[in-house]
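Student: Could we go through this model together, one question at a time? I would like each answer to show its reasoning before it settles on a value or a name.

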Amino acid sequence: MVNIYGCSHNTIRRAVAKLADQGYVQPLHGKGVRIIYQPVDQISFTIGGIESFKESAIRNHRKRHTEVAEFTEITADKRLAQKTGFPVGSELYYLQRIRYLDEKPLIFDVNLFLKSLVPGLTKEIAEDSIYEYIENTLGMQIVTSKRTKQLVYSFLLTIV
């Protein structure tokens, strides 16, 4: 790879480490790197960006549902603040959701939302579409959403 890309060993190591953090590859000591990312069988099905899971499923004529495994309220401590960017002491909704597509579990989501920006969030809303709730009920626009690990999403929303 050093020869192919004309870069240093350290650059390759950093790139592989970043791909591993994002869930695309798995380094195997003494053996190399294994690709572990498996795209969904339909190329046009995407998760992330601004399109919600519900919108993607509808666009692709797929059956979907979301199971909320945990819905609780927490307060950001120093560790969580450093990891997410939410200020220490922020009141947050903490959710764990399992997303199903055509009756198969596809995604395990871990979501954090500022209570002050997403007031009235409930388990029932989380089972349907939080994006739809934010945009249509609260009348806000979602500008960004950050993916942090393979099949685990932590939405740090920029809402205008």
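Student: Is Arg99 buried or exposed, and at what relative accessibility?

Tutor: This is a predicted model, so the answer is a value computed from its atoms. Arg99 has its place in strand S4, and a residue is counted as buried when its relative accessible area is under 20%. Arg99 falls below that cut-off and therefore counts as buried, at a relative accessibility of 8%.

Student: With which side chain does the side chain of Arg99 make a polar contact?

Tutor: Leaving aside residues up to four places away in sequence, Arg99 touches a set of residues that includes Phe53, His65, Thr66, Leu106 and Asp109. The polar contact of its side chain, at 2.9 Å, is with the side chain of Asp109.

Student: Arg97 lies in S4 as well; which residue offers a backbone oxygen to its side chain?

Tutor: Arg97 counts as buried because its relative accessibility is 3%. Its side chain makes a polar contact with the side chain of Asn111 at 2.9 Å. In addition, the side chain of Arg97 reaches, at 3.0 Å, the backbone oxygen of Ala126.

Student: How many residues of S4 are buried?

Tutor: Strand S4 covers residues 91–101, and both Arg97 and Arg99 count as buried. For the strand as a whole, the rest of the structure largely encloses S4, because the buried residues number nine of the eleven.

Student: What is the order of the strands in the open sheet that contains S4?

Tutor: S4 is joined to S3 by eleven bridges and to S5 by ten bridges, and in each case the two strands run antiparallel. Strand S3 (64–75) and strand S5 (104–114) each have a single partner strand, so they stand at the edges with one side left without a neighbour in the sheet. Neighbouring strands of this sheet are turned against each other by 15° on average, direction ignored. The three strands therefore follow the order S3-S4-S5.

Student: Which residue of S5 stands opposite Arg97?

Tutor: The pairing of S4 can be followed on each of its two sides. Towards S3, the bridge partner of His65 is Tyr100, and Glu70 stands opposite Gln96. Towards S5, the residue opposite Arg97 is Asp109.

Student: Which residues in the loop between S4 and S5 have a positive phi without being glycine?

Tutor: S4 and S5 form a hairpin with two residues between the strands. Asp102, in the loop between them, has a positive phi near 50° and is partly exposed because its relative accessibility is 33%. Glu103, whose place is also in that loop, is partly exposed with a relative accessible area of 46% and has a positive phi of about 70°. The residues asked for are Asp102 and Glu103.

Student: In the hairpin of S1 and S2, which residue of the turn has a positive phi?

Tutor: Strand S1 (residues 25–28) and strand S2 (residues 32–35) run antiparallel and are joined by four bridges, with Arg34 as the bridge partner of Gln26. Three residues lie between the two strands, and the one in the turn with a positive phi, of about 80°, is Gly30.

Student: Within what arc do the buried residues of helix H6 fall, seen down its axis?

Tutor: The buried residues of H6, which spans residues 130–137, are Ile130, Tyr131, Tyr133 and Ile134. They line one face of the helix, because seen down the axis of H6 they fall within an arc of 165°.

Student: And which residue follows H6 with a positive phi?

Tutor: At the start of H6, a side-chain oxygen of Ser129 comes to within 3.0 Å of the backbone nitrogen of Glu132. On the side of H6 away from its buried residues, Asn136 and Thr137 are exposed. After the helix, the residue with a positive phi, near 70°, is Gly139.

Student: Finally, what percentage of the residues of the chain count as buried?

Tutor: The chain has six helices and nine strands, and its accessible surface comes to about 10000 Å², with 54% of this belonging to carbon and sulfur atoms. Of its 160 residues, the share that counts as buried is 34%.

Note on methods
Residues are numbered from 1 along each chain as its sequence is written. Side-chain values use heavy atoms; hydrogens and water are left out. Two strands pair if DSSP finds at least two bridges between them. Axes are lines fitted to C-alpha atoms, for helices over the stretch in contact, and angles run from 0 to 180 degrees between N-to-C directions. Buried means under 20% relative accessible area, exposed over 50%, partly exposed in between (1.4 Å probe, protein chains only). A polar contact is a pair of N or O atoms within 3.5 Å; within protein, one must be able to donate a hydrogen and the other to accept it, and residues adjacent in sequence count only if both atoms are side-chain atoms. Contact means heavy atoms within 4.5 Å. The arc is that of the directions from the helix axis to the C-beta atoms. Accessible areas come from the Shrake-Rupley method with a 1.4 Å probe; for residues, only the protein chains shown count as cover.
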